[in-house]
Amino acid sequence: MILSLIVLIPLIFAALTLLTKTKEQARGMALVATVAVLILTLYMYFNFDSTIATNQFEEMYQWVPSLGITYHLGVDGIAMPLILLNAIVLPFLILYTWNDDRKAPNKFYALILATEGAAIGVFAALDFFLFYIFWELTLIPLFFMVSIWGGPNKHHASIKFFIYTHVASLVMLLGIFGLYFAAWDATGVPNLDIPYLLSQFQFIESGLMKDLIFLALLFGFIVKLPVVPFHSWQPDAYTEAPTAGSVLFVMLKIGGYGIFKIMLPLLPFTASPDLMITILAALGAVSIIYGAFVALSQRDLKRMIVYSSVSHMGYVTLGAAGLVSLSVSGAMFQQFSHGLIMSVMFMASGVINAATGTRIINDLGGLAQKMPKLAVIMVLTFMASLGLPGLTGFVAEVSVLSGTFVNLPVYVMIALLAIVITAAYHLWALQRAMFGVFNEKLGTIVDINSYQTLSMGLIAMLILYFGLNPSPVLDMMLTNSENIISLMAAMGV
Amino acid sequence: MMDLMLLAPELTLAVTGLAVLLIGLFLPVGSKKILGFIASIGVLAALALTVTSLGTEAMMFNDTLSIDALSQFFKIVFLVVALLFTIASIKYMEGNKNAEEFFSLGLFATIGMMFVASANDLMVLFVAFELASLATYALAGFEKTNQKSLEASMKYFMIGSLSAALLLFGISFIYGMTGTTNIPAIAENAAGLVTNPIGIVAVILLIAGFGFKIALVPFHMWAPDTYQGSPSVVSSLLAAGSKKMGIVAAFKVFIVALIALQVEWQTVFAILAVVTMTYGNVVAVTQTSVKRMLAYSSLAQAGYISMAFVVLTPLALSGGILYALSHGFMKAGAFIATAAVVYMVLSENKDTEDPDHLDNFRGLGRRMPITALSMTIFVFALAGIPLTAGFTSKFVLFSSTIQAGFVWLAVIAILNSALSLYYYAKIVKYMYFLPTDADKVSEPLPYTIALVIAVIGVLAIGFWPEPFSYWAMEAAKVLIPGGI
């Protein structure tokens, strides 16, 4: 019941928020809903057994029995941290936008809540039909979010995002169908249950079919993640989105989630696991280095952050391909860490844009003098993003790189190269935008307001906290990673 | 007497149609609004009678009519579309002195479609087909002073007559070879058809005849002009209703009567399905008239449904049948939403050239919020976004295609489906994101009621597919006895 509440509260409140008339009512509604989700999620988290890798808080009702569709929810150590991430960041996101003046605040907050409900729905779903519904449902609020409140290129960006990821979802759907019917033919009973279908994959006889199913599912996930070369929707969509939309985009960790939850359990049973591992690792390494290089050349601060995201998402597939529990759990942790870091970075670029009217790095300069509070938070976050020890980014990257090195040293060497570049563009951007002589052309500038300080500051504190003490989330990731790895070992992969 | 009871829905409609005609004669123009209410109540009564008789199975009139799960299902589809049509037309016909003809033609067309659904004999099927067609030819040209409407009607009539001739020609060959026009009897006596090349000729003629009605490429040329030129409420009846009539007729003729020639027509349908869905979607992308865009999207949807003829498993057939119902709600809804916009545009400026131009949808989200929201739901449903009828039926239909091993066909269909999202999203973009200075307008109640009914239908099948997919499977079992 608690999982249903966590999924349904944001969705129901989204509908209610739509009916509100004033900004005060809309943001109040949104805050109530997100805080309620946070409280329920914390309750769930504290009652979660991170020593076992099975699904907990399960709920199951029949939905369309003739097609084997159920309403089946449950969380394991892969889903729990991501639900936690969404639940933590969303109330802060509402606070961050507290004093914003924008048109149609009721729609704005309704879309935020709808995205939260849909995203958590993906993490909680244990039935492929339900999973796919939530998966597609995440598209619609974000499409509207970018289209209504986005930047100058919003129409192009939103349609591109919509079509691109919709195509990927449909290809993924083909993979789901393949899995579904292979099991249906074998047993004579239709069933779309995720754990059941994952366990049935090994009994498919045709090797080609297995590989096709695997690749179709993988395509859906890596486009969503995204990794190079399937990333091109992302820079446009993330950059054109309003700050809240960009934060929602990075909260949507469903691509990486799919890789851990669905691809890795299938991997050992494909006809050519080695090829699949190579694909994952190559995609990861290329993304890491490509994203870093492109980020280095960006003039727009937000676009630089977006490309750093491409680079950082590469760690997710690389770590997954590493196939030791350290690398896999590190990759999972990268998702969690990236969500925290990116949300603050996007918020920071949003306030800079609002205060100065520009995001072009060279046009800024010396902002720290006028915006000291922002400067502190930004420096901390940028350090986390470039992987400074003591912050979450470091934990993730070190685990991925050192774990993956065992099996795939060459790819790690490529990725290591990117670390230097990553440090370079982060520091360079900080130095040019925040420090040095204040650019007088920017006019009078005031520091971030107390709501923004509170929201960004608290998330930054969490980056520090989980950087020093990752075990509250890392433990459950490790349990699940070990489970996956032992399965692989049993299969001789 | 028992037989007549089984025809209660059709008789109700016939009585209503005649009553509307008669009452209309005595009413002044100002009071003819009541005719629309009478017609709607008649359709609602027929719908209620059909729903209560679900599960009945009977043969009537020397086995020429069959009441079974399939015919019941399609009767419900036609009645739902007719209901949306009559309700929406209340506003459209306001102040029109020919309202009684309009409504009675709509009702008679529906009776024709319902008889096609029950037909168990090719002659009955043909006559019912023509009853529906003749009524819709007249409806398409109802705006006598509108050049486009006349052109729509003329094209539709000419090509419709040609297809009727081809159909009859094909039927005559079948009769000649098998000595019967009874559909199950043809299947039993198919030996002659299989061995004689005449069988192939008959198949070609029938595919061409039905292809016209279903608007499969290359028999589609009339459809975009007719859908665009006809009054929008009539387009909803044509696209959502009479096209389904072609589909149920084709189900009966090919899958039941001509199953012996399966190999021949299956290949043709495979090619037609792929060409139709791709052509429809590609051309729809470039349209600026919303009705034309919906017409091309309607081709695409017909292409998807035709996949059922290729895959031919019970699950695929039930997918195709379910798709017909979903499409009825989605397409009728989309045309009625367009009708509301056209109505608004014309009431503001009588001389507008293209009242259904995309530009007129600008800012609709603010101007007509209910219409815009309904339209959004319909086009997302047509694109196959989850929790709508469009997704449920695509899920069943496409997945059955994979199950049967036609992966290439499913891939083409899915890519097409993704492409279609582009132009559907364009409508949403115009409605919500492009600004307009125009003021908010009050939304005409009849259109709104029709839209709400269609939205409920689209969402009901999306959220709670079980009863619908069950009915569709029951209906599919009629086509393939021994079933699932």
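Okay, a definition to start: buried means under 20% relative accessible area, exposed means over 50%, and partly exposed is in between, using a 1.4 Å probe and counting protein chains only. Take B:K477 as a case: at 35% relative accessibility, B:K477 counts as partly exposed.

Now, the ground rules. This is a predicted model, where local features need pLDDT of at least 70 and side-chain atom pairs count only at pLDDT 80 or more, while totals for chains, interfaces and linings use all residues. Residues are numbered from 1 along each chain as its sequence is written, chains are lettered from A and ligands numbered from 1 in the order in which they are written, and side-chain values use heavy atoms, with hydrogens and water left out.

How sure is the predictor? The complex gets an ipTM of 0.80 and a pTM of 0.88. For chain B, the average pLDDT, which is the predictor's confidence in each residue from 0 to 100, is 90. In chain B, 99% of the residues score at least 70.

Let's walk along chain A. When I say helix or strand, I mean DSSP runs numbered from the N terminus: helices are H or I with at least four residues, strands are E with at least two. Early on there's a nonpolar surface patch made of A:L8, A:I12, A:L16, A:L18 and A:L19, with about 460 Å² of accessible area together. Patch members have over 30% relative accessible area and no salt bridge; like charges are joined within 9 Å, and nonpolar side chains (Val, Leu, Ile, Met, Phe, Trp, Tyr) within 5 Å. The areas come from the Shrake-Rupley method with a 1.4 Å probe, and for residues only the protein chains shown count as cover. A:L19 sits in the loop between α1 (2-18) and α2 (23-46) of chain A, and at 65% relative accessibility A:L19 counts as exposed.

Next comes a hairpin. Strands β1 (residues 56-64) and β2 (residues 69-75) of chain A pair in the antiparallel sense over six bridges; pairing takes at least two DSSP bridges between the strands. Across the hairpin, A:Y61 stands opposite A:Y71 in β2(A). Four residues lie between the two strands, and A:G68 in the turn has a positive phi of about 70°. As background, side chains in a regular strand alternate between the two faces of the sheet.

Moving on, A:V228 and A:P229 are joined by a cis peptide bond, omega about 5°, and A:P229 is in the loop between α9 (207-224) and α10 (233-240) of chain A. Chain B has a cis bond as well, from B:V217 to B:P218, with omega near 5°. B:P218 is in the loop between α10 (198-214) and α11 of chain B.

So what's inside chain A? Helix α11 (residues 243-251) is largely enclosed by the rest of the structure, because nine of its nine residues are buried. Among them are A:T243, A:F249 and A:M251. Then look at A:T317 in helix α14 (residues 301-322) of chain A: it is buried, with a relative accessible area of 0%. Leaving aside neighbours within four places in sequence, A:T317 is in contact (heavy atoms within 4.5 Å) with several residues, including A:I222, A:V227, A:I259 and A:G284.

Now a backbone detail. A:L323 has phi near 55°, a positive value in a residue other than glycine. That leucine, A:L323, lies in the loop between α14 and α15 (325-356) of chain A, and is buried at 12%. Over in chain B, phi of B:L312 is near 60°, also positive in a non-glycine residue. B:L312 lies in the loop between α14 (290-311) and α15 (314-348) of chain B, and at 11% relative accessibility it counts as buried.

Last topic, salt bridges: a side-chain nitrogen of Lys or Arg within 4 Å of a carboxyl oxygen of Asp or Glu. The whole structure has 17 of them over all chains. In one of these, B:K155 meets B:D225, with the closest N and O atoms 2.4 Å apart. That pair links distant parts of the chain, B:K155 in helix α7 (residues 147-178) and B:D225 in helix α11 (residues 222-229) of chain B, 70 residues apart. B:K155 is partly exposed at 30%, whereas B:D225 is buried at 19%.

And back to B:K477: which residue does it form a salt bridge with? The partner is B:E474, with the closest N and O atoms 3.1 Å apart. The two are separated by about one helical turn, because they are three residues apart in helix α21 (residues 465-479) of chain B. One more thing: salt bridges that share partners join B:E151, B:K155, B:D225 and B:R292 into one network.
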